[in-house]
Amino acid sequence: MSITHRIRSLFPSEAEIPAEVRLHPPIEQRDYLLDGRLCPWDGSVEDALSPVCLRTPSGLARARIGSYPLFGEREALAALDAAVAAYANGCGRWPTLSVAARIEHVQEFARRMKNRRDEVVRLLMWEIGKSLADSQKEFDRTLDYIADTIDALKDLDRTSSRFVIHQGVIGQIRRAPLGVVLCMGPSNYPLNETFTTMIPALIMGTTVVMKCPRPGTLLHRPLLEALRDAFPPGVVNTIYGQGRAVAPPLMASGKVDVLAFIGSPGAADSLKKQHPRPHRLRCVLGLAAKNAGIILPDADLDLTVRECVLGTLSYNGQRCTALKILFVHSSILKQFLERFADAVNRVPFGMPWEKDVLVTPLPDPESVHRLEELIEDAKTHGAEIVNEAGGTSEHTYLHPAILYPVNDRMRLYAEEQWGPVIPVLPFDTVETPIQYLIHSPYGQQVSLFGSDPDTLARLIDPLVNQVCRVNLNSQCQRGPDIFPFTGRKDSAEGTLSVSDALRVFSIRTLVAAKASDLNKGIINRIVRERKSNFLSTDFIL
Ligand code: G3H
């Protein structure tokens, strides 16, 4: 069957959905977590529609998978007040708890979370259209991240469990929480990227308002009981609805001490500007990117094509780390394009639960239209689609399109496409991609494909000053999570990794004393009789 035929018959009827992946009944979420209680919700709700369409007698329609609360300003502020009260200016139970005790709470949460794996994975598939394998990976990677965070904190705590004596002053230096955190994760990694900020924030003693992404809300519902039961009241509070309606009032209140936000640079800027005392606000932001692949004349083409397919098309290119533009040396352009198009023609596409599927439906028909506009604009300026059925669409599905030759008059040249549309440009000297990266508003990562160590070394040195990760013969990616994940320019603020995230939500604080007999005696008694959680030499093993 031709690719076009397969696209036309892509979506199943209800009866064709395998029993083991069905989502029945729909999840009508009518509660939310506030101050340690699951409170009933009787306000407005929003329907959650899946990227997956169903074939019905009246045509294709997005599957309705449930509904969730649509908060307004009042409810969002109530959540913030609960977090502020639990923090209690740093005097609350949670921020003053010992590190060992906070670790136990997080471990308890992870144990409870693990039990809800099947529900969350199924919801990831249905709510954001992520493949089964990637949905499982997202869940498991999040649990691994929690375990690694605990280990990193134990390490940090062990090095802080000692006194420093210098120039006649005794000091004990630890990290203390920064206050109240607003965590806003993205729709493409709604679980992982929300939790990779929220868990480090919690374990360092901050209290949290968690805004669930849209789409990406319902998959958090199975975890609400675990959050309620594992943490003291007010430590985690959830809010829902349109970010632009609920987040600005929280920021404008001046009560948010740290903004952890993954999304667009424009939205991040406007949230930061709402805060009345900008110098008090700390931010950790994961923003946009236009990561380039640079394919040199001596690149191993099998490997390069493999990595470029994964880099451009995993989860439909809806990853901030996706390869979003490919520069190919003119001398190998023809071979590369042939092999790349051939590989893209063979990419498994379909429903998220189908075996080995890489490309799946997009969130909504508007996403498809936006990408079609980008394709049309590129065609108008001289690009062609070089793979079979590239750009063919069916409701929420858009088949991957390789566009060649792309130039700087096209929107695709500079815009982050966020979908399975792949711009390819020829180059004769490496100055072309280097200048592109210098003038790009983004600075996250780059991938270099080539074999000659001299050429690669000459590229590495200027490129590490344009981006924050240079990948050799490998697609761009965030993991492993102990590596720093950050970006320059409009791509990020602050650094996330298992250990960096602990620092983002805390500040170095110390107790210091002139080394007099009086002070030595006081410190000795506090430590020996375990009178303080901060001033302590207890070692977490
Ligand atoms: O959307 C951006 C993600 O952080 C990318 O993570 O490279 O592991 O897919 P990944």
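Here are some notes on a few helix and strand contacts in this predicted model.

1. Start with the pair formed by helix 11 (residues 301-313) and helix 12 (residues 333-345). Their axes lie 10 Å apart and the packing angle is about 50°. An angle of that kind falls outside the parallel, antiparallel and perpendicular ranges, so helix 11 counts as oblique to helix 12. The crossing of helix 11 and helix 12 is right-handed.

2. Who touches whom there? On the helix 11 side, the contact is made by Leu301, Asp302, Thr304, Val305, Cys308, Val309, Thr312 and Leu313. Helix 12 answers with Gln335, Phe336, Arg339, Phe340, Ala343 and Val344. Sorted by class, the contact of helix 11 with helix 12 comes to nine nonpolar, three polar and two charged residues. If the spacing along each helix catches your eye, remember that an α-helix has 3.6 residues a turn, so residues three or four places apart point the same way.

3. Next, a sheet. Three strands make it up, in the order 6-7-25; the sheet is open and its pairing is antiparallel. Strand 6 (164-166) and strand 25 (506-514) are the edge strands, and each has a single partner strand, so one side of each has no neighbour in the sheet. From one strand to the next, the twist averages 35°.

4. Zooming in on one pairing in that sheet: strand 6 and strand 7 (residues 169-177) are antiparallel and share three bridges. Within this pairing, Ile165 sits opposite Ile170 in strand 7.

5. Helix 9 (residues 243-252) is worth a look for what it buries: Val246, Ala247, Pro248, Pro249, Leu250 and Met251. What covers these buried residues? Two helices are among the covering elements, helix 2 (73-87) and helix 10 (265-274). Strands contribute too, including strand 8 (180-184), strand 9 (207-211), strand 10 (236-239) and strand 11 (258-262). After helix 9 comes Gly254, which has a positive phi, near 75°.

6. Two of those covering strands also pair with each other. Strand 9 and strand 10 run parallel and are joined by four bridges, with Val208 opposite Val236 in strand 10.

7. Last, which way do the residues of strand 10 point, and are they buried or exposed? Val236 and Thr238 point one way, while Asn237 and Ile239 point the other way. All of them are buried, so each has under 20% relative accessible area. Strand 10 is also among the elements that cover the buried residues of helix 9.

Technical notes: Residues numbered from 1 in each chain as written. Predicted model: local features only at pLDDT ≥ 70, side-chain atom pairs only at ≥ 80, totals over all residues. Heavy atoms only, no water. Axes fitted to C-alpha atoms, helices over the stretch in contact; angles between N-to-C directions. Parallel < 35°, antiparallel > 145°, perpendicular 65-115°, else oblique. Left-handed = near helix turned anticlockwise from the far one by under 90°. Contact = heavy atoms within 4.5 Å. Nonpolar A, V, L, I, M, F, W, Y, C, P; charged D, E, K, R; others polar. Pairing = 2+ DSSP bridges. Buried < 20%, exposed > 50% of the residue type's maximum accessible area, 1.4 Å probe, protein only.
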